[in-house]
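Me: I am new to this structure and would like a close look at one part of it. Please take me through that part, then on to what lies around it and elsewhere in the chain.

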Amino acid sequence: MKITDAKVFVGGPGKNYVTLKIMTDQGVYGLGDATLNNRETLPAAYLKDYLIPNLIGRDPRNSEDIWQFMYRGAYFRRGPIAMAAFGAIDMALWDIKAKLAGMPLYQLFGGKSREGAMVYAHATGANLEGLMDSIAHYVEAGYKAVRVQCGIPGMPAESYGVASAKEDHKHFITDFSGIRPKEEIWDTDRYLNYMPGALAEIRDRFGSELKILHDVHHRLLPREAAEFAKAVEPVKLYWLEDPTPADDQNAIKLIRQHSTVPIAIGEVFNSIWDCQQLIEQELIDYIRVAVTYAGGITHVKRIVDLAGLHHVKTGFHGAPSHSPVSMAAQAHLNAWAPNFGIQEYLVLGTPECDALFPSNHQMINGMVIVSDEPGLGVDFNEEEAQRYSYKPGSHPVVRLEDGTLWNY
Ligand code: GCO
Ligand code: MG
């Protein structure tokens, strides 16, 4: 069996999904997602200029050998652009393998460990009252877990995770007016003074059952993060995400020494080597990698197994930039993983998105019910794809009030 061709499409409804389709001489094809938010053309170029020409003629069933060929063959290791490109190929090869087996992908990992996988949504408000409405919206829709972010009094309205319009339950960070980022202002003192009380009010309002998550988005220094984690302990968060930038992994020890709040890190990691210290030293409770920029199913499955040895559960990244293809790959891992925790879930769910990626996965009462179709259980409509093309966009950048550049 041989790979005969592969194509890359960049675009989508309000997004720049990077979708890979690998064709074979037996008519079976596989799909992958290489979307790297706001840098989408780069993994697309890696795929087109180097990887695809090297795939033609290879046996698609040898996904491990192809992964090793891409990773070791690159010489320069790791990095989100390369790992996103490898990840898309790897997903597509697993899709082909499962279609050949006539089985849903999770069967090739060891079958289902659960009937549904719990997800969390993003609740957001310009202020705490707006956030309360947004949480109520998701609770009514059946979600058991909600990530909560709101505007901080005294800080400009435009801020990470904060919707400006009421009823705007979907807040997306990409600004499609061009590649020059907007600038936002961050004030750590205001955040530290306000957020613990706001989280406590949310717990009071919604009771003990709701799983409440909060994302600090890498903005605190280690000592500040330890203070914050200690202050929010009575709220019993499901997790506190990215309290500090995890480049310095020793920093997490300080938080651990001061608080038992569960910590989730890893959405910007792209290899098992980035996760190793945090997992082996048991400094985190949830690992947030994604099959897209962490090298696909082959590599993420290794991370999941390492995590399982150290009581670390999964909480895969599922920001709106992930296409239904990678979310499907994660749905299969979530159905299988013995150490599954939760899945971030923000698939657009619009008629346009469903027309581009017809799928059999379902979301019922805050749980993803994985598809039983052979393969990933998601398709790609190439005719629909002709309606879309790449749109330049950007993430904001953040500065402190005095102009110092900070972590977005
Ligand atoms: C999350 C993330 C995202 C990132 C985004 C960057 O927890 O979902 O923090 O919102 O900001 O994926 O492209
Ligand atoms: Mg995050």
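What spacing along the chain do the donors of the magnesium ion (ligand 2) follow?

Reply: The spacing is D-x25-E-x25-E. Keep in mind that this is a predicted model.

Start with the donors themselves. The protein donors of the magnesium ion (ligand 2) are Asp-215 through OD, Glu-241 through OE and Glu-267 through OE. They lie 2.0 to 2.2 Å from the ion. Take the two glutamates next. Glu-241 sits in strand β8, residues 239–241. Glu-267 sits in the loop between β9 (263–265) and α9. The two are 26 residues apart, and the pair links distant parts of the chain. Both Glu-241 and Glu-267 are buried.

Glu-267 leads on to a histidine. His-317 is in contact with Glu-267. The place of His-317 is in the loop between β11 (313–316) and α11 (324–336). Its relative accessible area is 8%; the cut-off for buried is under 20%, so His-317 counts as buried. Setting aside neighbours within four places in sequence, the other contacts of His-317 are Arg-288, Val-289, Ala-290, Tyr-293, His-322, Gln-330, Gln-343 and Glu-344.

Glu-267 also leads on to a helix, since its loop runs from β9 to α9. Helix α9 covers residues 272–280 and packs with helix α10, residues 296–309. Their angle is about 10 degrees, and their axes are 10 Å apart. Angles under 35 degrees count as roughly parallel, so α9 and α10 are roughly parallel to each other. From α9, the residues in this contact are Ile-272, Cys-275, Gln-276, Ile-279 and Glu-280. From α10 come His-299, Arg-302, Ile-303, Leu-306 and Ala-307. By class, the α9 and α10 contact has six nonpolar, two polar and two charged residues.

Now a second helix pair. Helix α2, residues 63–73, packs with α3 at an angle of about 170 degrees. The axes of α2 and α3 are 10 Å apart. An angle over 145 degrees counts as roughly antiparallel, so α2 is roughly antiparallel to α3. On the α2 side, the contact holds Ser-63, Ile-66, Trp-67, Met-70 and Tyr-71. On the α3 side are Met-83, Phe-86, Ile-89, Asp-90, Leu-93, Trp-94 and Lys-97. The α2 and α3 contact has nine nonpolar, one polar and two charged residues.

Next comes a sheet. Three strands form an open sheet in the order β1-β2-β3, with antiparallel pairing. β1 (3–10) and β3 (29–33) each have a single partner strand, so one side of each is left without a neighbour in the sheet. On average, neighbouring strands of this sheet are turned by 20 degrees against each other, direction ignored. Strand β2, residues 18–24, pairs with β3 over five bridges. In one of the bridges, Ile-22 has Gly-30 in β3 as its partner. Helix α3, residues 80–101, packs on this sheet and touches β1, β2 and β3. The direction of α3 makes about 150 degrees with that of β3.

One more open sheet has three strands in the order β6-β15-β16, and its pairing is mixed. Its edge strands are β6 (183–186) and β16 (405–406), each pairing on one side only. Four bridges join β6 to strand β15, residues 397–400, and β6 and β15 run parallel. Ile-185 has Arg-399 in β15 as its bridge partner.

How values were computed
Residues numbered from 1 in each chain as written. Chains lettered and ligands numbered in written order. Predicted model: local features only at pLDDT ≥ 70, side-chain atom pairs only at ≥ 80, totals over all residues. Heavy atoms only, no water. Pairing = 2+ DSSP bridges. Axes fitted to C-alpha atoms, helices over the stretch in contact; angles between N-to-C directions. Contact = heavy atoms within 4.5 Å. Parallel < 35°, antiparallel > 145°, perpendicular 65-115°, else oblique. Nonpolar A, V, L, I, M, F, W, Y, C, P; charged D, E, K, R; others polar. Donors = N, O, S within 2.8 Å, 3.2 Å for Na, K, Ca; no water. Buried < 20%, exposed > 50% of the residue type's maximum accessible area, 1.4 Å probe, protein only.
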